[in-house]
Amino acid sequence: MDARKARLPEDLAQDLDAYAHWFVAPDPSSGHFLTLTLFAECRSTARVARDTTSVFLRGAVSDELMYDARLAVSELVGNVVNHAVPDNCQAVPGGIRRIDVTFKLYPKWLFIGVTDEDSTPPLLPMGDFYSPELMTELSEAVLADNGRGLMLTQRMASAVWWTPGQRGGKTVWCRFDLDSGAERSPH
């Protein structure tokens, strides 16, 4: 068997840990971009995505926005890990599922995109799943079984949408509006 095919997800996680910090701090005055490739089967995928978000945004946005961006990335990557089933033309049984996380930071906006190999549209929530009158000590009993991650992302971000990939798959995007430079820390 080819040595590349015999690699375990744990080995890939160690490689990801090694490469996750190989970029420079962003320069928000002209825009800064980063794409990170992860694999759904690695145990540390969500952690690497959150940590990369922190490193990419450090010094460029407020701590509150960084927290929201970390949570949004974690939820979107978690959705891929837990729900995405690659299109038949892009995966082999037992294959590793690829996740691309894209960051685009401009002076007024932060865009985050999470790309997977599943063409099925995400179920973006259209509003509240429950009436506030139903909330009691057992509030989790009235919450929907799925869609909570996208609902959280919609509540934190200024916008959430998705785009189909040209060769299958999709990207779920979220946008955070930066408050006329007030989000950026002074350098």
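Which helix is Ala-69 found in? Ala-69 sits in helix H3, and the legends below start from the whole predicted model before coming back to this residue.

**Figure 1. The overall fold of the predicted model.** The protein has four helices and five strands. Followed along the sequence, these elements come in the order α-β-α-α-β-β-α-β-β. Of the 187 residues of the protein, 38% count as buried. Among contacts with a separation of 6 or more, 66% are between residues 24 or more positions apart. The surface exposed by the protein is about 11,000 Å², and 53% of this area is supplied by carbon and sulfur atoms.

**Figure 2. The largest nonpolar core.** In soluble globular proteins, nonpolar side chains tend to be buried together. Here, the largest core holds 33 residues, and the members that touch the most others are Ile-112 and Phe-176. At least two core residues come from each of strand E1 (32-39), helix H2 (45-57), helix H3 (63-83), strand E2 (98-105), strand E3 (109-116) and strand E5 (170-177). The biggest giver is H3, with eight residues.

**Figure 3. A close-up of Phe-176 and its neighbours.** Leaving aside residues up to four places away in sequence, Phe-176 touches Leu-65, Asp-68, Ala-69 and Ala-72, and also Lys-108, Trp-109, Leu-110 and Ile-112. Met-156, Ala-157 and Ser-158 complete its list of contacts. If you are browsing the structure alongside this legend, Ile-112 is a good residue to pick out, since Ile-112 and Phe-176 touch the most other members of the largest nonpolar core.

**Figure 4. Ala-69 in helix H3.** Is Ala-69 buried or exposed? With a relative accessibility of 0%, Ala-69 counts as buried. Beyond residues up to four places away in sequence, Ala-69 touches Thr-53, Leu-57, Leu-110, Ile-112 and Phe-176. Ala-69 and Arg-175 are 106 residues apart along the chain, yet 9.4 Å separates their C-alpha atoms.

**Figure 5. Aromatic rings, with a view of Phe-111 and Trp-161.** A pair of aromatic rings is described by the distance of the centres and the angle of the planes. The structure contains six aromatic pairs. In one of them, Phe-111 and Trp-161 meet edge-to-face, with 6.3 Å from centre to centre and 80 degrees between the planes. Phe-111 belongs to strand E3 and Trp-161 to strand E4 (residues 159-164), so this pair ties together parts that are 50 residues apart in sequence. Phe-111 counts as buried at 18% relative accessibility, whereas Trp-161 is partly exposed at 28%. Both rings also belong to a cluster that ring pairs build from Phe-33, Tyr-106, Trp-109, Phe-111, Trp-161 and Trp-173.

**Figure 6. Helix H2 from end to end.** Counting 13 residues, H2 spans 18 Å from its first C-alpha to its last, close to the 18 Å expected at 1.5 Å a residue. Its buried residues are Thr-45, Val-48, Ala-49, Thr-52, Thr-53, Ser-54, Val-55, Phe-56 and Leu-57. After H2 comes Gly-59, which has a positive phi near 80 degrees.

**Figure 7. Salt bridges around Asp-51.** How many salt bridges does the structure hold? There are six. In one of them, Asp-51 joins Arg-47, with 3.3 Å between the closest N and O atoms. These two residues are four residues apart in helix H2, which means that about one helical turn separates them. Asp-51 also meets Arg-70 in a salt bridge, at 3.7 Å from N to O. Since Asp-51 lies in helix H2 and Arg-70 in helix H3, this second pair ties together parts that are 19 residues apart in sequence. What about exposure? Asp-51 is partly exposed at 26% relative accessibility, Arg-47 is partly exposed at 36%, and Arg-70 is partly exposed at 24%.

**Figure 8. The salt bridge of Arg-98 and Asp-100, and the shared network.** The closest N and O atoms of Arg-98 and Asp-100 are 3.1 Å apart. Arg-98 is partly exposed, with a relative accessible area of 41%, while Asp-100 counts as buried at 14%. Elsewhere, Arg-47, Asp-51 and Arg-70 are joined into one network by salt bridges that share partners.

Methods. Residues numbered from 1 in each chain as written. Predicted model: local features only at pLDDT ≥ 70, side-chain atom pairs only at ≥ 80, totals over all residues. Heavy atoms only, no water. Core = buried A, V, L, I, M, F, W, Y, C linked by side-chain atoms within 4.5 Å. Buried < 20%, exposed > 50% of the residue type's maximum accessible area, 1.4 Å probe, protein only. Contact = heavy atoms within 4.5 Å. Phe/Tyr/Trp six-rings, centres within 6.5 Å; stacked < 30°, edge-to-face > 60°. Expected span 1.5 Å × (residues − 1). Salt bridge = Lys/Arg side-chain N within 4 Å of Asp/Glu carboxyl O. Areas by Shrake-Rupley, 256 points an atom, 1.4 Å probe, with all protein chains shown as cover.
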